[in-house]
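Trainee: I should like to understand how the descriptive terms for a model are justified. May we take them in turn?

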Amino acid sequence: MTRFPDPAGSRAVLIGVSRYEHPGLPGIPAVRANLADLRAVLTDPVSGTLRAEHCVVVDEPGVPTDFGIPVTEAAGEATDVLLVYYAGHGVVDGQGRLHLTVSRTDPARPSVTALPYEVLREAMVDSRAAVGVLVLDCCFSGRATGPMGDEQGLISGQMDIAGTYVLASSSATKPSQAVPGATHTAFTEALLAALRHPDPPTLDALFDRVHHHLLARSLPLPQRRVMNTAGGLTLVKGPPSAAPPDGTPPAAGAPPTRWNRRGFLVAGTAAGLALGTAALEWMVNGGFDRDTSGSGGPSSSGSPAVKVTGAPSSGRAPADHTGAVQSVAFRPGGKILASGSADRTVRLWTVTDPAKPEPLASLTAPTDNVDAVAFSPDGDLLAGGGNDNTVRLWKTTAPAKPRLLSRLTGHTDAVFSVAFNPDSTILASGSADRTLRLWNVSDPAKPTPMGRPGTGHTDAVLSVAFSPDQSLMATGSADDSILLWNVATPPAVVGVPVPGHRNRVHSVVFSPDGKVLASAGGDRVVRLWNVTDVAHPARIGDPLTGHTDAVYCLAFTTDGKLLASAGADKKVRLWDLTDPAQPTPLGHPLVGHTGAVHSVAFTTDGKLLASAGADRRIRLWKVAR
């Protein structure tokens, strides 16, 4: 049951250390903004739940008692909610015990120059508060220009505090991060984004949103320890009355931002028209912008200037997306494009003339973000999955009048990817619940699960793909691995996880002949694998490099000779894979998106490429073959 803190009986202590005297503990400048902005959100006069006088900020404590005493006092006063937040370096002693540092901490003498975690733990255990909430944004040692701690992460056993809900910034094997130049540390940035969400999150939802935010950015994932039933506690009543964190007021009529496998996405604005390598682009602004100037510019391949013309736009079309576009897919034949968005809708567009795309239909059945869309190979079905843990099937034989056929339920967390097998009889779905599910959709009005969920990944399944050989599948996961599967009832893992990526695997896709698997992820590279021997996949050549940030999506042309990749660096790259052993980049990256690119898709003939992303744009690129 959702409830808010009682302002009279609730207390908060926010502690942060950004400057250190010891050279072994570099400063973390972002911590000061963490404190100021977190306090502002929690005590906002409209949306906050805490009284300003009951939210104590301890900035730059010099000795352990500087924040040990305020925590003990707040613990003694609180009768409803006690919230303690700490951001800074964590250090461990020779026995592996965690200590929270102050500005004068000597990491060689943590027991006398830092606050033992046990002291904080005891203060919270002894409190009369009905609910304790402990938020730790720290690890054991720090490098302010990168990791804030070593690979040990936080010691889970030390986090157990009876009656307390604990959120920590990293897992047992990943360090926390303080991104150079960022306003906040990575974990607290995600925490603030979640608290500023238009839908007030419970503690359980808060953790999920923080997890998704960090997952999207290939940053260390948080952990939680729940020692009571406080998951329904809500710390804010709605979005704060102040401007959003980037200082840019939302556009009139802008929808709430939503969550998806790429994270918390803030709608942006696009720059002007840009022409890319061997391609002509038309920009989509939530729906499709029509260029009325007739102006163009030289492409990066050096081809002559091209004119883009179209009917004058009378403004935003009624069916335009108003949130980040997470996924795009072409219906076989290439005349219809589907898109799924953070505005909770699936849209269909006719792109018979790519210069004049038109909205065709809007499907508003989803109740949360739509993270993935896919057409069946026969074109009769459209699948959409998202943050409501559900997959929906629509009949698209008449694309202008799609009809909802069924809802596929069973996942216990967001559905991040969907794919049909080659004969359109099986649908696969991958989820943040770490499972792969197969559904028999021979009768799409009455789909049935094919046995138990497929297990093997230890974190979210971000991508699923069928091989042209209908008996084989691949999945990519936030656990940094790729698994190959036999399509069976239930699905079964073949061999061992495919090694190679050093970060989350955001996308996997088979070549049309089924011999090559392409994968991409948070380590900024695309890798190619020979999967003719599924039990022993072999790496093909060197990784495809060039992207400067996480690679989120891949797409092959139907002849397998061209691969598109795109991601957080806002660029789309094309690769000639005529000889997979010697892949060749084609010209310069295609530019124009002003936010991360979440999805790419080719038409059946490979002459048109669609890309979509966080800037709410879908862009169409005419590919010269």
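Mentor: The discussion below sets values against definitions. This is a predicted model, in which local features need pLDDT of at least 70 and side-chain atom pairs count only at pLDDT 80 or more, while totals for chains, interfaces and linings use all residues. Residues are numbered from 1 along each chain as its sequence is written, and side-chain values use heavy atoms, with hydrogens and water left out.

Trainee: Why does Thr 113 count as buried?

Mentor: Buried means under 20% relative accessible area, exposed over 50%, and partly exposed in between (1.4 Å probe, protein chains only). Thr 113 has 18% relative accessibility, and therefore counts as buried.

Trainee: What makes the pair of Phe 67 and Tyr 86 tilted?

Mentor: Rings of Phe, Tyr and Trp (its six-membered ring) pair if their centres lie within 6.5 Å; planes under 30 degrees apart count as stacked, over 60 as edge-to-face and the rest as tilted. For Phe 67 and Tyr 86 the centres are 5.8 Å apart and the planes differ by 35°, a tilted pair. Phe 67 is buried at 0% relative accessible area, and Tyr 86 is buried at 1%.

Trainee: Why is H1 called roughly parallel to H5?

Mentor: Angles under 35 degrees count as roughly parallel, over 145 as roughly antiparallel, 65 to 115 as roughly perpendicular and the rest as oblique. Helix H1 (residues 30-42) and helix H5 (residues 186-195) pack at about 15°, with axes 11 Å apart. H1 is therefore roughly parallel to H5.

Methods
Axes fitted to C-alpha atoms, helices over the stretch in contact; angles between N-to-C directions. Helix = DSSP H or I, 4+ residues; strand = E, 2+ residues; numbered from the N terminus.
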